[in-house]
There are 2 protein chains.
Amino acid sequence: MPDTDGSHVSHEGAFEIAHPHRELLDQVLDKWSLSVLGELCERPCRFNELRRAIPAVTQKSLTATLRRLERNGIVERVLLSSRPVAVEYRITPLGKTMRPPVEVLLEWAAAHMPEIERARRAFDLE
Amino acid sequence: MPDTDGSHVSHEGAFEIAHPHRELLDQVLDKWSLSVLGELCERPCRFNELRRAIPAVTQKSLTATLRRLERNGIVERVLLSSRPVAVEYRITPLGKTMRPPVEVLLEWAAAHMPEIERARRAFDLE
DNA sequence: CGGCATCCCGTAGGATACTG
DNA sequence: CAGTATCCTACGGGATGCCG
């Protein structure tokens, strides 16, 4: 990989991780976000619909996750009616752009899981 | 749609996230891992070399990160000499396979950062 | 229904000191 | 140099209860 014109910043194999990017990924790839995103990519969901779809999440964590995703412009909170309160969560266009990177990640995880489990067992033996 | 263990990735618009995969991503995309990986993709590094390259990391967290990555087969700990102790960390072939997915992710973050910051400001105003 | 408020605990992870 | 050992704190996040 000669990189003859040298216009390009990163040399050879390295990737830098800027702090704002790191922070963003933390917000958006945290414990429950991917599950929520997975659901909302499929269809808009009500709050309790999401709870049922992701049984392991508590109400508190789900609220926090949705607020965080909303704040970052990834999901949208739509008030359907105010009496009784009815809310729907939808993925935004920006949120949809996360799909390809996330899928690449999941494919990597799926592809290398066996190798990684072998590595773990080997490590844990010593 | 049974498939509770969800090893199956995509039908139409949704992505499922299986628990082993979620756990793996947590181990491998955590606070310091990407910075470490970035360094080690460039060249093998000594422990204190990594500390200097990533000034914000504490010794304890760096040790933990390296152990975790080693356990998952992503980096390799090479004992160069035992008196005085000299250790070198290297990325493994498995570790190198993380590069493309990580770069896709970083490119996503870089590309959409402005839009996300706008969303945050808008959200924080209310 | 869609939350917020409160309590409570475990753990990640920083600071500091010491060791082979 | 490359850690281990302690101590300590913040915070994620579970459980429970209440409310418009």
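1. A good place to start is where the two protein chains meet: chain B and chain A bury about 5100 Å² between them, and carbon and sulfur atoms give 69% of that area. Three residues are worth picking out on the chain B side. Phe15(B), Arg71(B) and Trp108(B) supply 16% of the area that chain B buries against chain A, more than any other three residues. Please keep in mind as you read on that this is a predicted model.

2. The pairing of the chains can also be put in terms of residues. On one side, 54 residues of chain B take part, and they are in contact with 52 residues of chain A.

3. Now for chain A by itself. Its secondary structure consists of six helices and three strands. If you follow the sequence from start to end, these elements come in the order α-α-β-α-α-β-β-α-α.

4. How much of chain A is buried? Of its 126 residues, 45% are. The chain exposes about 7100 Å², with 53% of this supplied by carbon and sulfur atoms. As for contacts in chain A with a separation of 6 or more, 47% of them join residues 24 or more positions apart.

5. Next, have a look at DNA strand C. There are 15 residues around this strand, and the ones that come nearest are Arg46(A), Arg77(A), Tyr89(A), Lys60(B) and Ser61(B). Both protein chains are represented in that list.

6. Which elements make up the surface near DNA strand C? In chain A, helix 3 (47-53), helix 4 (59-71) and strand 3 (85-91) each supply at least two residues, and so does helix 4 (59-71) of chain B. Helix 4 of chain A gives the most, with four residues. By type, the residues of this surface are six charged, five polar and four nonpolar.

7. Which parts of the DNA does the protein meet here? Taking the atoms of DNA strand C within 4 Å of the protein, 67% belong to sugar or phosphate, while the rest belong to bases.

8. Some individual phosphate contacts are easy to find in the viewer. In chain A, Arg77(A) has a polar side-chain atom 2.7 Å from a phosphate oxygen of DNA strand C. Arg67(A) places a side-chain N or O atom 3.0 Å from a phosphate oxygen of the strand. From chain B, Lys31(B) has a polar side-chain atom 3.0 Å from a phosphate oxygen of DNA strand C. Arg77(A) is also one of the residues listed as coming nearest to the strand.

Terms used
Residues are numbered from 1 along each chain as its sequence is written. Chains are lettered from A and ligands numbered from 1 in the order in which they are written. This is a predicted model: local features need pLDDT of at least 70, side-chain atom pairs count only at pLDDT 80 or more; totals for chains, interfaces and linings use all residues. Side-chain values use heavy atoms; hydrogens and water are left out. A residue is near a molecule or strand if one of its heavy atoms lies within 4 Å of it. A polar contact is a pair of N or O atoms within 3.5 Å; within protein, one must be able to donate a hydrogen and the other to accept it, and residues adjacent in sequence count only if both atoms are side-chain atoms. Ala, Val, Leu, Ile, Met, Phe, Trp, Tyr, Cys and Pro count as nonpolar, Asp, Glu, Lys and Arg as charged, and the others, Gly among them, as polar. Buried means under 20% relative accessible area, exposed over 50%, partly exposed in between (1.4 Å probe, protein chains only). Contact means heavy atoms within 4.5 Å. Accessible areas come from the Shrake-Rupley method with a 1.4 Å probe; for residues, only the protein chains shown count as cover. Buried area is the accessible area (1.4 Å probe) that two parts lose on being put together, summed over both.
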